[in-house]
Amino acid sequence: MLLLGIETSCDDTATAVVRDGRTVLANVSTNQDAFHAKYGGIVPEIASRRHVALLSAAVDDALGRAELNLADVDGIAVTAGPGLIGSLVVGVAAAKALAFAAGKPLYAVNHLHGHIFAAFLDADGEPEYPFLALLVSGGHSQLVDVGSPTDMRVIGKTRDDAAGEAFDKTARLFGLPFPGGPALERLAAAGDPRAVKFPRYRADPGMLDMSFSGIKTSVRHFLEHDRGATPLADVAASFQAAVVDVLIDRVERALGMRRYRAIVLSGGVAANGPLQAAFRAAGAKHATPALIPHRRYCTDNAAMIAAAADRRGAPARADALTLGADPNLPF
Ligand code: KG4
Ligand code: ZN
């Protein structure tokens, strides 16, 4: 099955063509960072207006790169939520119009399901079920038990900030540009992760919840009161180590609760080098294959949306053209 994917839940205008939820024929993403950077974060109204301006060309671009016409695809998969309402509406409206005009089925996809099925894209080895997914992005941090494509349960999540949000907010304390995650990782590369001992959120035994706002607050306090001559790189590396520790601790706890056949790391923060290394080490320690999608499929993209629609039952489960966007779509 050949699906056109459309993803506009946040600030990336993304389109893709994917065969059988696995082979990516085209993956197009127009990043809007330049339009939001001066505000230090994403401005929802700007994001939706940019999607309107860019999306038609992005659809043509994906089909063109795949050397296909709209008539050649078997359906259109679109992110219906969760995300920014204005941004979602643009993608859903475009997908409905294309589905109607071309007489193709429409498939609504939960953005978070997309991040999980990113693991199957252009991959050497696919995860076997059941697998554990750690999904860490700017908006979400959660552990998902994936028993099958249609049996997925959130078993742990953050009580406050998402991991990516903690990176972005902490990067601001250092005066780094948005998005802060990659910039903070670069700064931390020259630092000593053991220089400052920031507090790790220790959940009760048997619990898989996480928290990152305390780490961020400690960094602010440290910078304002205790920094002295500590190099900024050391502070950044110590912050990063604290976030990674909390995430990996929860992965290891979950591995102690069920026999998983793989662990999957996904979401924008999965691009982080020290997190990847720790995740692979946790997999090795528990003799469980650790899979990390290619960077271009970790951050928001439309190929993962097409993959999720495919794996989760298209063509049987088409949606009506009355489909609406839901900014709070439950997992
Ligand atoms: O999944 P994503 O592209 O968008 C959302 O759905 O949120 O994730 C974006 C988040 C941002 O918070 C960004 O700072 C973070 O991922 N991020 C990173 C790195 N690259 C992106 N965080 C830490 N280290 C990185 N290398
Ligand atoms: Zn995302």
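Student: Let's start at Asp300: does that residue count as buried or exposed, and at what relative accessibility?

Tutor: Keep in mind that this is a predicted model. The cut-off for buried is under 20% relative accessible area. Asp300 falls below that cut-off, so the residue counts as buried, at a relative accessibility of 17%.

Student: Which protein residues are donors to the zinc ion (ligand 2)?

Tutor: Asp300 is one of them, through OD. Two histidines join in through their NE2 atoms, and the protein donors lie 2.0 to 2.2 Å from the zinc ion. In sequence the donor residues follow the spacing H-x3-H-x184-D. The names you want are His111, His115 and Asp300.

Student: Where do His115 and Asp300 sit, and how many residues apart are they?

Tutor: His115 belongs to helix H4 (residues 111-117). Asp300 is in the loop between helix H10 (295-298) and helix H11 (303-311). The pair links distant parts of the chain, and the separation is 185 residues.

Student: What is the relative accessible area of His115?

Tutor: Buried means under 20% relative accessible area. His115 counts as buried because its value is 0%.

Student: Why is the site of the zinc ion (ligand 2) called irregular?

Tutor: There are four donor atoms, with angles of 93 to 148 degrees among them. Four donors count as tetrahedral if all angles lie between 85 and 135 degrees, and square planar needs opposite donors over 155 degrees apart. The range here reaches 148 degrees, so neither label fits and the site is irregular.

Student: Moving to ligand 1, how many residues surround it?

Tutor: The closest are Gly138, Asp168, Glu185, Gly268 and Asn272. Counting everything that surrounds ligand 1, the total is 18 residues.

Student: Which atom of ligand 1 pairs with the side chain of Glu185, and at what distance?

Tutor: Oxygen atoms of the ligand feature in other contacts: one is 2.7 Å from a polar backbone atom of Gly138, and one is 2.6 Å from a side-chain N or O atom of Asp168. For Glu185, a polar side-chain atom meets a nitrogen atom of ligand 1, at 2.7 Å.

Student: How much of the area that ligand 1 exposes when taken alone does the protein bury?

Tutor: Taken alone, ligand 1 exposes 550 Å². Of that area, the protein buries 88%.

Student: On to charges: which residues are linked with Lys169 in a network of salt bridges?

Tutor: The structure holds 17 salt bridges. One of them joins Lys169 to Glu165, with the closest N and O atoms 3.1 Å apart. Both residues lie in helix H5 (residues 163-173), four residues apart, about one turn of the helix. The network links Lys169 with Asp161, Glu165 and Lys216.

Student: Which helices do Glu252 and Lys285 lie in?

Tutor: Their side chains meet in a salt bridge at 2.9 Å, N to O. The two residues lie in separate named helices, so the pair ties together parts that are 33 residues apart in sequence. Glu252 is in helix H8 (residues 232-255), and Lys285 is in helix H9 (residues 273-285).

Student: And Arg194, which forms a salt bridge with Asp192: is it buried or exposed?

Tutor: The closest N and O atoms of that bridge are 3.7 Å apart. Asp192 is partly exposed, at 29%. Arg194 has a relative accessibility of 70%, and exposed means over 50%, so Arg194 counts as exposed.

Definitions and conventions. Residues are numbered from 1 along each chain as its sequence is written. Chains are lettered from A and ligands numbered from 1 in the order in which they are written. This is a predicted model: local features need pLDDT of at least 70, side-chain atom pairs count only at pLDDT 80 or more; totals for chains, interfaces and linings use all residues. Side-chain values use heavy atoms; hydrogens and water are left out. Donors are N, O and S atoms within 2.8 Å of the metal (3.2 Å for Na, K and Ca); water is not among the atoms, so sites may look incomplete. Four donors count as tetrahedral if all angles lie between 85 and 135 degrees; four count as square planar and six as octahedral if opposite donors are over 155 degrees apart and all others between 65 and 115; anything else is irregular. Buried means under 20% relative accessible area, exposed over 50%, partly exposed in between (1.4 Å probe, protein chains only). A residue is near a molecule or strand if one of its heavy atoms lies within 4 Å of it. A polar contact is a pair of N or O atoms within 3.5 Å; within protein, one must be able to donate a hydrogen and the other to accept it, and residues adjacent in sequence count only if both atoms are side-chain atoms. Accessible areas come from the Shrake-Rupley method with a 1.4 Å probe; for residues, only the protein chains shown count as cover. A salt bridge is a side-chain nitrogen of Lys or Arg within 4 Å of a carboxyl oxygen of Asp or Glu.
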